[in-house]
Amino acid sequence: MAEITRLNKYDTRTNISIDGNVVRRIDTYNIPNVTKEPVRREERRVTKTPQVERRKNTMSLSYALITIALVGVMVFMTFAYVNAQYNARESYTAIAELEQELSELKIENDVQENMIYGNIDYEEIKRIAVEEYGMGVPTKNQIITYERGESEYVKQFDDIPEYK
């Protein structure tokens, strides 16, 4: 049996025995138990001066004040938002009530208008116009039509001529 000694990656010697063609076995009974301990470095302790400590505490106090201010602003904005939502809901309720009242008034107005126009006697109006006021039905010669321009109304610049 041939023994070969070589270095492994931990810088310890390993005994390898060759038995046969290519079979290798490590002789573990001859390896000493070597473990490396990590090298400890000395830690430096930095002592802070009282000014640095005071500055550190001041920064913490300023951050705390800024945080408190931001929380206060957030609480104020939350209350303002809730108040705006409440006012909007109240406005929508008032609008709905007014729309309901408007529709009721429109219905009542239509009923009153139908009662007024339903009681008109057009034959009586025609009789009074013809008998009492001497009016008559216009003939085709008495009807004058005007063409409108681009505007929606007609302006009268001169008196309408009388036809005889």
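A contact is counted where heavy atoms lie within 4.5 Å. In this predicted model, 4% of the contacts between residues at least 6 apart in sequence join residues that are at least 24 apart in the chain. Burial was assessed alongside these contacts, and buried residues account for 4% of the 164 residues. The accessible surface of the chain amounts to about 17100 Å², and carbon and sulfur atoms contribute 55% of that area.

The secondary structure consists of two helices and three strands, which follow one another from the N terminus in the order β-β-β-α-α. Confidence in the prediction varies along the chain: the average pLDDT is 77, and 61% of the residues reach a score of at least 70. The lowest confidence is found in strand S1, which covers residues 2-7 and has a mean of 50, whereas the highest is found in helix H2, which covers residues 122-131 and has a mean of 91. Over residues 7-11 the pLDDT remains under 50, and for this stretch the model shows four contacts beyond four places in sequence.

A nonpolar patch of about 540 Å² was identified on the surface, and its members are Ile 116, Tyr 117, Ile 120, Tyr 122 and Ile 125. The patch draws on both helices, since helix H1, which spans residues 50-118, and helix H2 each provide at least two of its residues. One of the members, Tyr 117, belongs to helix H1, and this residue is classed as exposed because its relative accessibility of 51% lies over the 50% cut-off for that class.

Charged side chains were examined next. In general, side chains that carry opposite charges can pair when their charged atoms come close. Two salt bridges were counted in the model. One of them joins the side chains of Glu 124 and Arg 127, with a distance of 2.5 Å from N to O. These two residues are three positions apart in helix H2, so about one helical turn separates Glu 124 from Arg 127. Glu 124 is partly exposed because its relative accessible area is 31%, and Arg 127 is likewise partly exposed, with a relative accessible area of 33%.

Arg 127 also forms a salt bridge with Glu 131, in which the closest N and O atoms are 3.0 Å apart. Here too the partners both lie in helix H2, with Glu 131 and Arg 127 four residues apart, or about one turn of the helix. Glu 131 has a relative accessibility of 56% and therefore counts as exposed. Taken together, Glu 124, Arg 127 and Glu 131 are linked in a network of salt bridges. This network is placed in helix H2, the element for which confidence in the chain is highest, at a mean of 91.

Notes:
Residues are numbered from 1 along each chain as its sequence is written. This is a predicted model: local features need pLDDT of at least 70, side-chain atom pairs count only at pLDDT 80 or more; totals for chains, interfaces and linings use all residues. Side-chain values use heavy atoms; hydrogens and water are left out. pLDDT is the predictor's confidence in each residue, from 0 to 100. Buried means under 20% relative accessible area, exposed over 50%, partly exposed in between (1.4 Å probe, protein chains only). Accessible areas come from the Shrake-Rupley method with a 1.4 Å probe; for residues, only the protein chains shown count as cover. Patches are made of residues with over 30% relative accessible area and no salt bridge: like charges are joined within 9 Å, nonpolar side chains (Val, Leu, Ile, Met, Phe, Trp, Tyr) within 5 Å. A salt bridge is a side-chain nitrogen of Lys or Arg within 4 Å of a carboxyl oxygen of Asp or Glu.
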